[in-house]
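Here are my notes for you on this one, as numbered points. Keep the viewer open while you read and click on each residue as it comes up.

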Amino acid sequence: DRAFAVAVDPTGGVVVAGRTATAGARDGEVIVARYDALGVPDRAFGDRGDGVRVIGRPSSDDTGTAIAVDAAGRVVVAGRSTAAGGGGSAFTVTRLTATGADDPSFDPSRWDGAGSSGDDDDGAYGMALQADGGIVLTGELHGGDDDLAVLRVVP
C-alpha cells in the first residue's frame with residue numbers, strides 16, 4: 001500500500017488517497033482511508049467497517065494521486081488509470097459521498113481509463129475544487145513530449 005495525497009475534511013478529519021494491490025492481483029486499485037481528528041479510523045466511512053474504501057474498476061490499473069473534500073463532505077479523488085491491454089494511462093477522477101459510497105450524481109465513466117493507449121502516459125498529480133463545483137486537475141500529457149496539463153471537470 002502507498003499513500004500519495006492527503007486532505008482535511010470540514011470536521012477536521014483526515015482523508016488519504018493512494019494505491020493498494022491484493023496479493024497475486026495483476027492490477028492495482030485506489031485506496032481511500034478516512035480518520036477522525038484524533039487519527040482513529042472513521043468506521044462509518046467505506047464499505048468494510050474499517051474506514052477504508054477501495055475503488056477498483058474492472059480490468060484497469062488505478063492509482064489515486066490527488067484528493068480533496070468539498071464543503072458538503074464529499075471526497076474527490078483523481079489520478080491515473082490504465083485500461084485493460086493499454087500500456088499508457090489516462091486522467092481519471094471520481095467523487096464519493098461523505099460515507100465513502102460512489103456519488104450517484106457524478107458520472108462514473110470519468111474513472112475508466114478510456115483515453116489511454118500504448119503511447120499515452122497521462123495522469124493527474126494535483127487538484128483544487130472551485131466554489132461552483134468545478135474540479136481543476138493538474139498533471140501531465142505525454143504524446144512524444146511530456147507537457148503540462150490543466151483540466152477542468154464539470155461534475
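1. Start with a word you'll need straight away: pLDDT is the predictor's confidence in each residue, on a scale from 0 to 100. You need it because this is a predicted model. The protein chain has an average pLDDT of 84, and 82% of the residues reach at least 70.

2. Now the weak spot. Over residues 112-117 the pLDDT stays under 50, although the model does have 17 contacts beyond four places in sequence for this stretch. Where pLDDT is low, the predicted coordinates should not be read in detail. I'd leave those contacts of residues 112-117 out of any story you tell.

3. What is the chain built from? There are ten strands and zero helices in the protein chain. Following the sequence from start to end, the pattern reads β-β-β-β-β-β-β-β-β-β.

4. Some overall numbers for your notebook. The protein chain has 155 residues, and 44% of them count as buried. Its accessible surface is about 7,600 Å², with 52% of that belonging to carbon and sulfur atoms. Take the contacts with a separation of 6 or more: 43% of them come from residues 24 or more positions apart.

5. Next, look for the open sheet of four strands. Its order is 1-2-3-4 and the pairing is antiparallel. Strand 1 (2-8) and strand 4 (52-55) sit at the edges; each has a single partner strand, so one side of each has no neighbour in the sheet. On average, neighbouring strands of this sheet are turned by 20 degrees against each other, direction ignored.

6. Zoom in on one pair from that sheet. Strand 3 (residues 29-35) and strand 4 run antiparallel and are joined by four bridges. One you can find by name: Ala33 has Val52 in strand 4 as its bridge partner. As background, strands of a sheet pair through backbone hydrogen bonds, either parallel or antiparallel.

7. Strand 8 (123-129) is worth a stop too. Strand 8 pairs with strand 9 (residues 135-142) in the antiparallel sense, over six bridges. Leu129 has Ile135 in strand 9 as its bridge partner. The two strands make a hairpin with five residues between them, and Gly133 in the turn has a positive phi of about 95 degrees.

8. Val76 is a nice residue to click on. You'll find Val76 in strand 6 (residues 75-83). Is Val76 buried or exposed? Its relative accessible area is 2%, and the cut-off for buried is under 20%, so Val76 is buried. Not counting residues up to four places away in sequence, Val76 touches Ala66, Ile67, Ala68, Val93, Thr94, Arg95, Met127, Leu129 and Ile135. Leu129 and Ile135 in that list are the bridge partners from the hairpin. Also, Val76 and Ala17 are 59 residues apart along the chain, with 9.8 Å between their C-alpha atoms.

9. Stay in strand 6 for Ser81. Ser81 has 0% relative accessibility, so it counts as buried. What does the side chain of Ser81 make a polar contact with? The partner is the side chain of Asp62, at 2.5 Å. Ser81 and Asp121 are 9.6 Å apart in space, C-alpha to C-alpha, though 40 residues apart in sequence.

10. Two aspartates in loops deserve a look, beginning with Asp70. Asp70 is in the loop between strand 5 (60-69) and strand 6, and is buried with a relative accessible area of 14%. The side chain of Asp70 has a polar contact of 2.7 Å with the side chain of Arg74, and one of its polar atoms lies 3.0 Å from the backbone nitrogen of Ala72. Beyond its neighbours within four places in sequence, Asp70 is in contact with Pro10, Arg95 and Leu129.

11. Then there's Asp103, in the loop between strand 7 (90-96) and strand 8. Asp103 is buried as well, at 9% relative accessibility. The side chains of Asp103 and Ser105 are joined by a polar contact of 2.7 Å. Setting aside neighbours within four places in sequence, Asp103 is in contact with Arg74, Arg95, Leu96 and Thr97. Notice Arg95 there: Asp103 contacts it, Asp70 contacts it, and Val76 touches it.

Terms used:
Residues are numbered from 1 along each chain as its sequence is written. This is a predicted model: local features need pLDDT of at least 70, side-chain atom pairs count only at pLDDT 80 or more; totals for chains, interfaces and linings use all residues. Side-chain values use heavy atoms; hydrogens and water are left out. Buried means under 20% relative accessible area, exposed over 50%, partly exposed in between (1.4 Å probe, protein chains only). A polar contact is a pair of N or O atoms within 3.5 Å; within protein, one must be able to donate a hydrogen and the other to accept it, and residues adjacent in sequence count only if both atoms are side-chain atoms. Contact means heavy atoms within 4.5 Å. Two strands pair if DSSP finds at least two bridges between them. Axes are lines fitted to C-alpha atoms, for helices over the stretch in contact, and angles run from 0 to 180 degrees between N-to-C directions. Accessible areas come from the Shrake-Rupley method with a 1.4 Å probe; for residues, only the protein chains shown count as cover.
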